[in-house]
Every structure is written in C-alpha cells, then in structure tokens.
Amino acid sequence: MTDIWVESSRSRRVRLWAESILLVLLGFTSLVAGLTNPWPAVAAAVVMFAAVLLRHWRPKLAAGLALVAGLMQLTQWTAFNPVADLGFAPICYQLAVQRDSSARRLGLLLAGLATACVAIVMPLRAPGPRTAADLVATGAALGAMGAVVAFGGWAGGFMRFQSRRAVEEQVAGRLADADRRRLMDAYEQAQTRNRIAADMHDVVAHSWAVVAAQADGARYSLRTSPDRAEQALEVIGETARGAITDLRRILTQLRHAESDEGTIGPEQQQVVLDRMSASGMDLRFTETGERPTSSLLTLTAHRLLAESLTNALKHGDLFRPVTAILLWDNGFTLDIRNAIGATPGSGTGHGILGMTERADLAGGQVTSRREGDQWVVRATVPQPGQQAGQQTQRPQQQEQA
C-alpha cells in the first residue's frame, strides 16, 4: 500500500519549485532588510534561510536554527528582522505535520517561544522612553503578528496531519473490512466443501453398502431362490439410480452456489428404510411428533439416519435387530442402536466426522460410542435459533464407519 505520508514524485517537484521561488524571494528580502541594520539582523536572516531549507529533511534541526535566529534578534531592537521571521510559519508547519508526536510538541513549543519573545522582549528593546501602556500596546501588536505567523503555521500543519491520519484510518478500516470479508468467504467455502464432502460420503457409503449387501444376497440365493435374487438385483438397480440422482444434485450445487437441496420428506426417508430392510437388516424404526417445515432440520435428520444405518449395515450384527427412534419436538432427537459385529471393520473416520459437522452446522450435537455390546448414536438438534443443551461431544477414535 502506498504510504500517504510520502509525497508523490510529481507533487514533490511542484512543491520544490514553488518553495524555491518563495525562498529566493524571502531570502533576498530578508537580506536587504538586514543590510540596513546591524550584523545580527543579517546573521538572523542567513540562519533562518538555512532553517527553512532544512525543514523537510531535518525538521528538529530546523527548529533549533530558527530558535537561534530568533535569539540573535533579541540583542537589540535594530536587529529585529520581521521579514526573516516569516520563516517560522513553514518550519512550525513542517513540525506539526510529522507523525512523530515529539516533533509536533516541539513545533508548538517553538511557536509559543517565538510569540512570547516577540511580544515581551522586543518592546523592551525599543528605543526611547515608553510608558507601560505603550509597552503593552506594542507587545500586543507584535505578539499578535507572531501568533499569526508561528501558531498559524503550526495550526495549518496540524490540520494537515489530522487529515492524513483520517485518510490512513479510513484506508486501514477498508483493508480490515476486506480482510474480514475474505476470511468470511474462506470460512463459507470451507463449510461448503465440508458439507459437499459429507454429502458425497453419505451417498457413496450408503449406496454402495446397500449394493454390496444386495449383491452378496443375490449371489447366495441365485440358485436356491431366483425370486429373491431378482428382488436383490432390483434393489441394486434402484439404489444405483438413486445414487446417480444424488450425485447430479451435488454436482449442481458445485456449479451453482445458490442451488437448494430442497426439503426431505417422508418419501425419501422411507426409501432409505426400505433399502436397509431389503438388505437383510431387522430394522425397528419409530417416529413420533410432527415433522417440521424446516429444510435444515429434515435434511440433517435424514443424513444422520442414513449414515447411522449405513454404519450398522456395514459393521453391525445383522442377526440382531437395529432400533432407530426419531422424535420431533422443538427440533429432533435421534437414537440408533445396533449390535456390534463379531469382526467390526475399521472405518476411515469420515462418517462420524461428517455427522458431527452436520449437527454442528444445525446447532446441535452428536455422540457416537460403544455401550456394552452395542454401538449407540445419539443426535440432538434444536429448532433454528435455539441452542443445544450441551456442547458437541467429539466422537471417540474408534468408529464403525
């Protein structure tokens, strides 16, 4: 980002040309004014000229030289060079515009000293007898001129400093907003990737678990029970076609971020239950309560139910019943239990991780763990806008799928 405190090369060239002309005029005028006075007036003009030249590169050194030039003029009234004292204005301006707070304070101090000296000391150096009223009047006049020059220059510089800082804060605020939007976009993209990855896992794992179970059943009953083998092949075909439809929907979501998954109804849920039953699972499913209209709740419940039953189909003991209870009450509560098989497979961990992420996105929680000889999955998801009663518990390292 371009530093707003640094001038561009073009503006610097324009400023240097303008200042060079003004400095030549100021230096010439102050020298001419000093030639008619004693040497301190000429020396003060030379020192002040040098201070004005150095103010951009060494502002604090320029302040010191300006103070020396002012002290030279305090020796006597005839050494007073008001033309050279005009240099206090650009020097105080340059000090006030600095980011360094000590430089700004130094400029304010220099302006105060210059004004006080010209208002107090110079009237006392004036020749001839003077009354107190004359001293006060002269001091007030000189002090006013000094304040206009010194404090006016400092005030202009300080206003420039405030303007630069306001622009800097505005730019910093916009950059912070841009970073915040970038982080939010990255977070949303990560959430979308996780959700699509969970969808892919659900579709592939569920569909192929059913296909594998039906293929084994068809192979075993092909000779002894052709009707059952034909039924198993029909289930395989329906499952494969359903998986293709789901994959097309997921691809649509990848291409079009605004696409909607829709609301999962009892029909889609019944398809999952029928597939599991047709695959040889003794499924005992109970659903109570009124199904909500929230697509987030119904989709989350559908995915959690399908993934849990897929785990039971792949790794559970199918000779024993699988119980699934779905309660709709200010959200839903899902409880699925299956007997652990004699040789449970070792999963990759994506199944339970995906279920946990789904529940987290919906504001709920999922626990999946072994209880005795059973594997128990419990999920609690509240209505949108409510909070779950407990924090989400991370699944154990041992997972069925």
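**Cores and a surface patch**

In this predicted model, the largest nonpolar core has 33 residues, and M281, L283, L309, F332 and L334 touch the most other members. A nonpolar core here is a set of buried Ala, Val, Leu, Ile, Met, Phe, Trp, Tyr and Cys residues joined through side-chain atoms within 4.5 Å; buried means under 20% relative accessible area, exposed over 50%, partly exposed in between (1.4 Å probe, protein chains only). Local features need pLDDT of at least 70 and side-chain atom pairs 80 or more, while totals for chains, interfaces and linings use all residues. Numbering runs from 1 along each chain as its sequence is written, and side-chain values use heavy atoms, with hydrogens and water left out.

**Inside**
- Elements giving two or more residues to the largest core include α6 (132-221), β3 (331-339) and β5 (374-382); helices (H or I, at least four residues) and strands (E, at least two) are DSSP runs numbered from the N terminus.
- The top contributor to this core is α9, with 8 residues.
- Beyond its neighbours within four places in sequence, L283 is in contact (heavy atoms within 4.5 Å) with L273, M276, S277, L309, V322 and A324.
- There's also a second, separate core of 23 residues, with A69, I91, C92 and A103 among them.

**Whole chain**
- You'll find 10 helices and 5 strands in the chain.
- Of its 401 residues, 39% count as buried.

**Out on the surface**
- L53 sits in helix α2 and counts as partly exposed because its relative accessible area is 38%.
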